[in-house]
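Student: I am new to this structure. Please take me through one sheet closely, and then show me what else is worth a look.

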Amino acid sequence: MTGYVSSLLRGNRSGLLSGICAIIVCGLGFSALLGWVFKLPFLTSFDSGKIPMAPSTALLFILYGTILFLYATLLHRGRGIYLISILVHLTGVLVALVLVVLNYRDIHPAIEHFGFSILKNMPAHAHSGHMSPVTAGCFILSSLSFFLLFFASPTKRCLVYASVVPSALLLMISFVLTLAYWLGMPLLYGSAIIPPALPTSLAFMAMGIALLAFAWSYFLSAELFDRSTVILVGVFIVLTVGVLTAGFFIYRAYAQHYRTEAEHQLSAITELKEWELQQWRRERFWDAEIIYGNPVFVELVRRYFKRPLDQKVEQQLESWLMQFIGHVDYDKVNLFDLRGLIRLSLPVRGLPVSAIVLRRAAEVVQSKQITLVDFYRDERDQQIYLALLIPVIDTLIQNRVIGVVALQIDPRKYLYPILLHWPTPSKTAETLLVRQEGNDVLFLSELKFIKNAALNFRIPLNMTEVTTVMAVVGRTGVVEGVDYRNVSDIAEVRPVHGSSWFLESRMELSEVYAPVKPHLWMIVGFVVALIVGSGAFLAFVWRKQSVEHYRKQAQTAEALRESEEIFKKFMELSPIYVFFKNDQIRSLRLSKNFETMLGKPMEELLGKTMDELFPSDFAKKMIADDLMVLKSGKTFETEEELNGRQYRTIKFPIYYEGAPKYLAGYTIDITARKRAEAELLTAKKAAEKSAQSKAMFLDIAAHELRNPTTAISLLLQIIQKQVEKGQPISAATFARLHEPVERLTRLVVDLLDVSRLDRGLMVLQPVRSDIVLLVSKCVEEFKLQAPKRRFSFLSPEQLIEVDIDPVRIYQVLSNLLDNAVKYTPEDRPIEVTLSPMLNIIRISVIDQGDGIPKEQLHNLFKAFSRGGGVTGRVGGLGLGLSVCRGIVELHGGRIGVLSEVGRGSTFYFELPRRITS
Amino acid sequence: MIAEDALANTKSILVVEDDKNILFAVSTLLEGEGYRVFGAENGFAALESIEKNGLPNLILLDMIMPGMDGWRFASEFMAKYDHKTPIIVMTAAADAKQRAKNIGANGWIGKPFVLDELLGLIKKHART
């Protein structure tokens, strides 16, 4: 207990318990000591008639208790306290050992009393006031437990376990002793061993509890006690208490049985002996009656006294008296005359007579009564006798006593054998006959354990604990006390009626309880076996449980490790971003792919908020979302964009101890999906548009095809009518057929071109050509076709040769010019420019028409669309520009338009100077 | 006067058609049948012609035209004049019948058509 175990006591209930128990130990010792000092026996034994706590025991209790108290309560203990505690316990053990040895040798040093006198009315066990060997043993157990606790340390925990053994033993012993006191059957009383006092037993119980509390606090602190262990210990305590109690009761039942048997035996024997004594006395008086007032005998005595020499009378008288001599226990007969002279003496003449008999004979003369002289010692032969004095009364002369017959009785012959006789073999049983003489009890018969006690040995009447005294002071029946040697005994006492005698049949308690001893050992054996057995069983159960417990713990740990491993792998390999955050929105665990996403190693990512990782409004919004999830406890879904990539995040709270404590979530990169979705949407729109365009195209195509065919058909009808009517065919009408036919032709050509371009079947036939010449030719052609129009072309001076398919490029330019003509009012000029640049040639057709609305610009060059839509003012399939684009792009160039509504449009196309393909 | 009488008795037809060849051919053929024909290349021209020549007995109307198309012409004509002048839609569209109904036309004829068809329709609808 070098501060280690006891330090565990501080502030907990075990500490309080130890402290209280220590105070109890101290208090019991102190009160006993006070009892010795102020001669208050109650304080030393708690029950007069019971053994007191020895002063030496009391002193040791005070010392032990003080040290326990210091250890249980003091927070800081100096070396002094350690040294003193060791010293006290060593001293205690030494004293106890010495006393045990001395006790064994039956030496009881007076120094143990510290000068206190043993109080008179204390129960006089032979060695009352001395420490019981049991007490000494208990002190040794206490010290052993203390030392084990003292030297225990975190590295020597087994010492704490070991300390439980002596502590528990101490507690058990003191418990049994106290229980025995409580049940009124204290142990070891009446045995050779000094029994421990009740306060001693109580103090040891407190000490045992205090010591166990120390160990208990250690177990608690070491967390060795789980619920099941506490239950097992509880069960063990209950079992132990139960077994001890049961054992004690069985023992008590045996003891009671033998005691009752002894009492019955004593009662029966005493009753019998009393009856015998009474009978004996009665017989003696009957004997006396034979001659008392017998006129024949009186006449003989009278005649003998008158004529002492009359042989005949003397012979007759002798024969009268001789009948007594052979009888039972009369050993001598004397006949006194009134002067006290012995006139006749049988069986031998001239034997002296005790003065006591003479004195009593004189009294008999006066009383004229038959008198039994009680036990007396004959001063001449120092033998004990009784005497029967019979007055010889002369009825003729006014009942005058003329002599006394004295029948001397030798008790050794009959009376003593009656008393000494015991029907069963017994070492200590005996019957005593006593009478009161003054303030003493005088023993009339011989004693088993004191030689020559009859009429010599006396006990003062104030020794009330002596059973013989009890008889004399008037108690009858079974009494318990001590005998004439101060040995505990049990006795049946009763007065012998009609006499001054008291009869006592006694037996030592140790003999009474002697037959219990084998039972006691058997019971102790059973109790120990049961306690050890139950302890072993419970220990086995405990061990099995703890093994199971540790096995489960190991399993759990293994499962935990495995689960952690799986989780780690999951976090490493997850293609989905997985994150866990705490309630501070700081990342706890992140899947490894976050390193790539955020471009930082994991060490720099963990424990950070998103705002710390990439300070931005986006991060702040994310934190706000996170906090909202934690606050609302609801799952949250969002789409986020970071560094040009799009993510879908699902986050949800993890409840811990009833509150959303952590945040978890997944983030999926949906960039590709989004793109695909967008593409799909575009494609769908395009498809829809294409379908729409195709429908529209068909519509337009129908119109465009029908118009020329209608014209052709109607013109042919006119011609037919003219032919039918025999009129000349109108040349004008005929000429009109050209235009619709040409339109149909061009439509077919355009459709073919579009189809070719679509299917990649158009093949260029590039030739090195002068582009300036080509443009000039085309413009001139248009000037011829539409002479009203104002075409202008500012041709550069130099010759510009490029690799082109001149037919196709001509087609492009003529298409653009055709459009310009179609969409420009007649009075507006149409300008064509050619701008040679470093690597390209740009050709533009500039009109001053209505211009094209912006929304239509992007569709301009696509097939099956036409500026102005269905309701446009100009016919045509709108295939032209699409064909143009195809051709220009085949040349590796590009085509474009700049337009402003109300101001006109500029269509241009650029051709590389050399075809790269 | 004969000529005037003849003019007075002859039914007049307004042909609104942007295709000059068709306009020419229809006009020539109808005139050959004895109708008085006014031609117009678009809606504007048609309205001008009505302003100038008075209401015709029947209007032959092409739908797709630059400038004012058939729909606009029909609505403006009906708003401005009466609803009684029959309008026959000449169209190349696939859903000609629906279109004719939409603008409140009395009949329709799909391009290409032959003269007899047209004359049949005109005779059926032309007002006196």
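Tutor: Here is the sheet, followed by some other parts of both chains.

This is a predicted model, in which local features need pLDDT of at least 70, side-chain atom pairs count only at pLDDT 80 or more, and totals for chains, interfaces and linings use all residues. Residues are numbered from 1 along each chain as its sequence is written, chains are lettered from A and ligands numbered from 1 in the order in which they are written, and side-chain values use heavy atoms, with hydrogens and water left out.

Start in chain A. Five strands make an open sheet there, in the order β18-β20-β21-β23-β22, with mixed pairing. Strands (E, at least two residues) and helices (H or I, at least four residues) are DSSP runs, numbered from the N terminus. Two strands pair if DSSP finds at least two bridges between them. The edges are β18 (790-793) and β22 (894-900) of chain A, and each pairs on one side only. From one strand to the next, the twist averages 15 degrees. Axes here are lines fitted to C-alpha atoms, for helices over the stretch in contact, and angles run from 0 to 180 degrees between N-to-C directions.

Now follow the edge at β18(A). This strand pairs with β20 (residues 829-836) of chain A in the parallel sense, over four bridges. R790(A) has P829(A) as its bridge partner in β20(A). Helix α25 (residues 806-823) of chain A packs on the sheet. This helix touches β18, β20, β21 (840-846) and β23 (904-912) of chain A. Its direction makes about 175 degrees with that of β23(A). Touching, or contact, means heavy atoms within 4.5 Å.

One residue leads back to this region. S776(A) sits in helix α24 (residues 771-785) of chain A. S776(A) touches F793(A) and S795(A), leaving out residues up to four places away in sequence. S776(A) and S792(A) are 16 residues apart in sequence, and their C-alpha atoms are 9.7 Å apart.

Next, a helix pair. In chain A, α4 (residues 55-73) and α5 (residues 79-104) pack at about 150 degrees, with axes 10 Å apart. α4(A) and α5(A) are therefore roughly antiparallel. Angles over 145 degrees count that way; under 35 is roughly parallel, 65 to 115 roughly perpendicular, and the rest oblique. Residues of α4(A) in the contact include L60(A), L63(A) and Y64(A), and those of α5(A) include I81(A), V88(A) and G92(A). By class, this contact has 11 nonpolar, three polar and no charged residues. Ala, Val, Leu, Ile, Met, Phe, Trp, Tyr, Cys and Pro count as nonpolar, Asp, Glu, Lys and Arg as charged, and the others, Gly among them, as polar.

Chain B has an open sheet of five strands too, in the order β2-β1-β3-β4-β5, with parallel pairing. Its edge strands are β2 (36-40) and β5 of chain B. Just past β5 (107-110) of chain B, P112(B) lies in the loop leading to α6 (115-125). A cis peptide bond joins K111(B) and P112(B), with omega about -10 degrees. Most peptide bonds are trans.

Finally, the two chains meet. Chain B gives 28 residues to the contact and chain A gives 24. The buried area is about 2,100 Å², with 59% from carbon and sulfur atoms. N21(B), F24(B) and I64(B) supply 27% of the area that chain B buries against chain A, more than any other three residues. Buried area is the accessible area (1.4 Å probe) that two parts lose on being put together, summed over both.
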